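Notebook open, structure loaded. I want to look up how the strands are laid out, and then what sits around the ligand.

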Amino acid sequence: MKNYNIAVVPGDGIGNEIVPEGYRVLEAVAKKHNFGITSKTFDWGAGYYLKNNQFLPDDGLETLKEFDAVYFGSVGLPAVDDTLPAKDYTFKVRTSFNQYVNYRPVRTYPGVIRPLRTEKHIDFVIVRENTEGEFVQMGGQYLPDEANGMGLDTSVFTRKGIERVAHYAFKLARKRRNKVTHITKSNTLINSLAYWDRIIKEVAKEYPDVQHEQMYIDNSTAMFVLKPEIFDVVLTTNLFGDILSDLGGAVMGSLGLGGSGNINPEKEFPSMFEPIHGSAPDIAGKNIANPYGQIWSAAIMLEHLGEKEAADNIMEAIDKSTASGVLTVDLGGDAKTSDVADAVIKNL
Ligand code: NAD
């Protein structure tokens, strides 16, 4: 029997509530589809930082390397400097493990009321470049306390970085509805994002069967709301993808509905799967957090590991659960976090 060894990192805030529920679904689906799941849980994150002055131990990355995948919640606490969680955990794992694709799907959930005028079915994937761009954290602050102080962040876009994520997006489109919309702002960022456009167009020529269009970020935010059904694969940069995926969550009906994968397509390193949202300290500890996105992330992880049938089974069970009215507070219902996992497991 096949077995997958998963590193479980709940992180902070609601991560500690939704990750165990997602893991319960994972165990149940594994049993049904005859594969094994073993795991080790790590208490890393901002809470760990408060005790140890670091987000994960010195050998943390080496430890993670031994696993088939990382099932992650999110990191960040009000008591900890919020410039640290991404730098010291999330980006550290993404860049060290070459997880250059951030795969963030958006779709209609049956039975969930969306804040949109259109009733058309929505089903697209945001492919966000995940290791460079605006989030390389190169820069500095000059005389920050003075009247002439300044802060500087530099964006880095490399040919290699753009090409590899573009190939991923075009190949993904071939498995879907054959369309890539790439989103930049090259009319004003005339060096970095014009370079991005140029390379995407070069790559697009290798996929003549895939329809390709370019859109600016400002227009695309409007289109996400007004005509989300036009998108299939949305290819964009690290910062724009970060923003658009929260908008994608809102378009679905809640941030709590979005799942994602930080993917190393070559499988040289473990990939990491997490919901699109943060640690939501405002609702932590109440058993009201919406775990659908965390559960969806488990399905994305299983598909990445080669267990497509089990992944599809989770998605069908999610659909049955929302369609039958198992909705958390953010969706207008009264289901608790654990009720959702119970319903999904029952519907597998
Ligand atoms: P957030 O996503 O945690 O919360 C934004 C809003 O959405 C809040 O009102 C919250 O209650 C709600 N929300 C989020 N997830 C929900 C869920 N599953 N169910 C119901 N409601 C949900 O964003 P934030 O408030 O900007 O950030 C909080 C902390 O999370 C910060 O420390 C931030 O740095 C961190 N963060 C971490 C990650 C990550 O680890 N990948 C990502 C984003 C933010």
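Strand pairing first. I see strand S4 (residues 101–107) joined to strand S11 (residues 259–263) by three bridges, with the two running antiparallel. Checking who faces whom, I find Asn102 opposite Asn262 in S11. I'm keeping in mind that this is a predicted model.

Next I traced the whole sheet. It is open, has ten strands and shows mixed pairing, and I noted the order as S2-S1-S3-S12-S11-S4-S5-S10-S8-S9. At the edges I have strand S2 (36–41) and strand S9 (211–216), each pairing on one side only. Ignoring direction, I get an average turn of 25° between neighbouring strands of this sheet.

Then the helices lying on it. I looked up helix H6 (residues 192–204) and found it across strand S5 (123–129), strand S8 (179–184), S9 and strand S10 (233–236). Against S8, helix H6 runs at about 165°. Helix H8 (residues 238–252) goes across S4, S5, S8 and S10, and I noted an angle of about 155° to S5.

On to the ligand. Which residues come nearest to it? Out of 20 around the ligand, I wrote down Val75, Asp82, Gly278, Ala280 and Asp282. Sorting the shell by type, I got eight nonpolar, eight polar and four charged residues.

Polar atoms next. I have a backbone N or O atom of Gly278 at 2.7 Å from a ligand oxygen. For Asn290, a polar backbone atom is 2.9 Å from a nitrogen atom of the ligand. With His277 a polar side-chain atom is involved, 3.2 Å from a ligand nitrogen. Last lookup, coverage: on its own the ligand has 810 Å² of accessible area, and the protein covers 69% of that.

Note on methods: Residues are numbered from 1 along each chain as its sequence is written. This is a predicted model: local features need pLDDT of at least 70, side-chain atom pairs count only at pLDDT 80 or more; totals for chains, interfaces and linings use all residues. Side-chain values use heavy atoms; hydrogens and water are left out. A residue is near a molecule or strand if one of its heavy atoms lies within 4 Å of it. A polar contact is a pair of N or O atoms within 3.5 Å; within protein, one must be able to donate a hydrogen and the other to accept it, and residues adjacent in sequence count only if both atoms are side-chain atoms. Accessible areas come from the Shrake-Rupley method with a 1.4 Å probe; for residues, only the protein chains shown count as cover. Ala, Val, Leu, Ile, Met, Phe, Trp, Tyr, Cys and Pro count as nonpolar, Asp, Glu, Lys and Arg as charged, and the others, Gly among them, as polar. Two strands pair if DSSP finds at least two bridges between them. Helices (H or I, at least four residues) and strands (E, at least two) are DSSP runs, numbered from the N terminus. Axes are lines fitted to C-alpha atoms, for helices over the stretch in contact, and angles run from 0 to 180 degrees between N-to-C directions. Contact means heavy atoms within 4.5 Å.
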